[in-house]
Amino acid sequence: MQTLTQRLANPTRFMELSASVLPWVVAASAAVIGYGLYLSFFVAPPDYLQGETARIMFIHVPCAWLSMAVYAIIAASSFGLLVFRHPLADVSAKAAVPLGAAFTFLALVTGSLWGRPTWGTYWVWDARLTSVLILFFLYLGLMALRSSIEDESLASKLTAILALVGIVMLPIIKFSVDFGNTLHQPASVIRVGGPTIDQALLTPLLVMAIGFTLMFLAMHLKAMRNEILHRRVRSLQLAEVERAQAAQLAAAE
Amino acid sequence: MDFGIDLGPHASFIISAYAVVTVVVAGLITWLILDGREQERRLADLAARGVKRRSATRT
């Protein structure tokens, strides 16, 4: 009996399954984000210290969580490519990189826009902000490395190795607020002892986090589908060229 | 922009943050949809020229 992973290893089967799942994930993410926005603006009270600017948290934190979660998915996919040679592992990793870069960019920009009224500055070179900026550059590096190598098999392997090396950034980012001086607040949701954030703010934050995660899932499925189609186009174009060359040779003989 | 609520003296920062997220997410969605359509169009062009996947030829 095949495991789910083995069944999904077939790109054709993945295309069939994702085609039926994708509309539901899109609808669920739209509904959850819509509800989250309603909670964020019309139900959640202003923070007792930061006032209305704390509402930036409802988009900043989901983007920041996704910036790390997407990288973990890329690293896991890279492991799947290098160790198990899973046919969809490289498709998954390649599809997730631009999405992860976008969410990391959004985490940086929204954090900066939150920092100005809260800290009095858009940017400081402290451990948290700098390590997330390095993560963003790592995403750009993964894209640049892949596009700079013509041999696609080699590009996949080298990108996977870089992605696995880069996973060291995740614990550095996570614990960057615990060592060294930083303006960034320590973890207030995922921490030992439970969240320190008030329930009135925690609920919209979690709803938005679920909505953004569903949105990423929908984007990732779509990006994987696009990448599979892209690979099919490329292999057919190669087959067409080879067929034309063979016909030319046959005509010459 | 008026959300029907008073966002206080730092409203421009809040609105800017949500606007940036909206623009980037909309850009990603547009790119994904257009890229998918482009690949499907290319596959259809190849199929019209008689270039098909082996599995497609069988069915």
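Start at the contact between chains A and B, bearing in mind that this is a predicted model. Select 30 residues on chain A and 25 residues on chain B, and you have both sides of the contact. On the chain A side, colour α2 (11-43), α4 (89-119) and α8 (199-252), the elements that each give two or more residues to the surface touching chain B. Which of them gives the largest share? That's α8(A), with twelve residues. Now recolour that side of chain A by class: you should get 17 nonpolar, six polar and seven charged residues.

Next, show chain A on its own. Its elements run α-α-α-α-α-α-α-α from the N terminus, so to speak an all-helix read-out: eight helices and zero strands. Along its principal axes, the C-alpha trace spans about 85 × 40 × 35 Å. Buried residues make up 37% of the 253 residues here. If you draw the contacts with a separation of 6 or more, 77% of them link residues 24 or more positions apart.

Stay in chain A and pick out α4(A) together with α5(A), residues 127-148. Their axes come within 9 Å and cross at roughly 150°. An angle over 145 degrees counts as roughly antiparallel, which is why α4(A) and α5(A) get that label. The crossing is left-handed. For the side chains, select K94(A), V97(A), P98(A), G100(A), A101(A), T104(A), F105(A), A107(A) and L108(A) on α4(A). Facing them from α5(A) are V132(A), L133(A), L135(A), F136(A), Y139(A), L140(A), L142(A), M143(A) and R146(A). By class, this helix contact holds 14 nonpolar, two polar and two charged residues.

Now for the largest nonpolar core, which has 66 residues. Click on I56(A), V70(A), I74(A) and A17(B), the ones with the most contacts inside it. Chain A supplies at least two residues from each of α2, α3 (57-84), α4, α5, α6 (152-165) and α8, and α1 (11-48) of chain B does too. What gives the most to this core? Again look to α8(A), with 16 residues.

Zoom in on I74(A) before moving on. Leaving out residues up to four places away in sequence, I74(A) touches A93(A), A96(A), V97(A), G100(A) and A163(A). Two of the names should look familiar: V97(A) and G100(A) are also among the α4(A) residues that meet α5(A).

Last stop, chain B. Select its 59 residues, of which 14% count as buried. The chain has two helices and zero strands.

Technical notes. Residues numbered from 1 in each chain as written. Chains lettered and ligands numbered in written order. Predicted model: local features only at pLDDT ≥ 70, side-chain atom pairs only at ≥ 80, totals over all residues. Contact = placed C-beta atoms within 7 Å. Helix = DSSP H or I, 4+ residues; strand = E, 2+ residues; numbered from the N terminus. Nonpolar A, V, L, I, M, F, W, Y, C, P; charged D, E, K, R; others polar. Axes fitted to C-alpha atoms, helices over the stretch in contact; angles between N-to-C directions. Parallel < 35°, antiparallel > 145°, perpendicular 65-115°, else oblique. Left-handed = near helix turned anticlockwise from the far one by under 90°. Core = buried A, V, L, I, M, F, W, Y, C linked by C-beta atoms within 7 Å. Buried ≥ 20, exposed ≤ 12 C-beta atoms within 10 Å, placed from the backbone.
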